[in-house]
Amino acid sequence: AAEGSGGDGGGGCAPSVVKVLNSDKMKKALKQFSPKNYWTSVADAAETHVGGGSATLVVADKNLVPHPHGHLQRVLNVLAESGATTLALLPLASRPSSVDSMPHLYVGLPKLPMPLEMVALCMLRVLMREQHEGDLDAARSESAASVVAMFAVFYRNTSLSQLRDRLESLFGSVCGVPIMEVWCHRAWHTGE
């Protein structure tokens with residue numbers, strides 16, 4: 001969420017403020033913090049700068065999922081009331097994936113907006129991390145990998161193009177972010 005014009009009227013760079021709000025750290029640091037109030041905190045942080053031609057950039061360090069029904073719209077209404085401009089980051093595979101090269105793996109599975117290897121990569125990253133603020137790592141949570149699977153299930157029966165269209169209808173902007181270099185699909189076919 002960003003607020004402010006970013007210009008100083010004189011052609012130079014305007015001062016800016018960057019704030020990162022990590023929901024897991026906030027839960028631990030603030031006794032009265034409720035996860036239900038996280039997005040209100042983000043909106044409040046975006047509103048804290050008024051005028052002066054500078055900008056406040058608030059990085060919302062939290063997964064935003066489409067569950068329960070209407071959750072995205074409720075969150076975006078809170079942010080819109082603050083005057084914030086929103087940007088959704090959409091994780092993408094940077095090359096053709098198993099969706100293209102091995103469609104037989106997906107027979108009988110619900111549509112997903114990400115290839116199975118991206119879900120596996122996210123599971124691996126969760127299992128490899130240490131000292132996660134929300135205790136979601138292999139050392140402190142036996143269910144760490146299943147939490148990633150649960151997030152993937154939130155998007156079942158949704159294609160990538162459907163997800164992008166939905167995000168574009170809700171957010172001010174959508175940016176695709178390649179997070180995975182797909183190399184293994186060729187090796188699966190050729191044994192390389």
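Colleague: Helices (H or I, at least four residues) and strands (E, at least two) are DSSP runs, numbered from the N terminus; which of them gives the largest share of the lining of the second largest pocket?

Modeller: Strand β4, with three residues. β4 and α4 (98–101) are the elements that give two or more residues to that lining. A pocket here is an open set of points on a 1 Å grid over the protein atoms alone, where a 1.4 Å probe fits, with protein on both sides within 12 Å along at least five of seven lines; lining residues have an atom within 4 Å of a point. This is a predicted model, where local features need pLDDT of at least 70 and side-chain atom pairs 80 or more, while totals for chains, interfaces and linings use all residues. Residues are numbered from 1 along each chain, and side-chain values use heavy atoms, without hydrogens or water.

Colleague: Which residues lie nearest the centre of that pocket?

Modeller: V99, L112, P113, M114 and P115, out of 19 lining residues. The lining divides into 14 nonpolar, two polar and three charged residues. Pro and Met count as nonpolar, as do Ala, Val, Leu, Ile, Phe, Trp, Tyr and Cys; Asp, Glu, Lys and Arg are charged, and the others polar.

Colleague: Back to β4. Which side is covered?

Modeller: In β4 (residues 87–93), A88, L90 and L92 make up the covered face. L87, L89, P91 and A93 are on the uncovered one. In a regular strand the side chains alternate between the two faces of the sheet.

Colleague: What does β4 pair with, parallel or antiparallel?

Modeller: Strand β5 (residues 173–180), in the parallel sense, over seven bridges; pairing takes at least two DSSP bridges. A93 of β4 has M180 of β5 as its bridge partner.

Colleague: Different topic: E117. Buried or exposed?

Modeller: E117 counts as buried because its relative accessibility is 11%, and the cut-off is under 20% (exposed is over 50%, 1.4 Å probe, protein chains only). E117 belongs to helix α5 (residues 116–128). From A93, E117 is 24 residues away in sequence and 9.2 Å away in space, C-alpha to C-alpha.

Colleague: And helix α7, which residues are buried there?

Modeller: L163, L167 and L170, in a helix spanning residues 160–170. They line one face of α7, because they fall within an arc of 65 degrees seen down the axis; the arc uses directions from the helix axis to the C-beta atoms.

Colleague: What covers the buried residues of α7?

Modeller: α3 (71–81), β4 and β5 are among the covering elements, with contact meaning heavy atoms within 4.5 Å.

Colleague: Where are the buried residues in α2?

Modeller: In α2 (residues 38–47) they are Y38, W39, V42, A43, A45 and A46. Their arc is within 160 degrees, so they line one face of α2.
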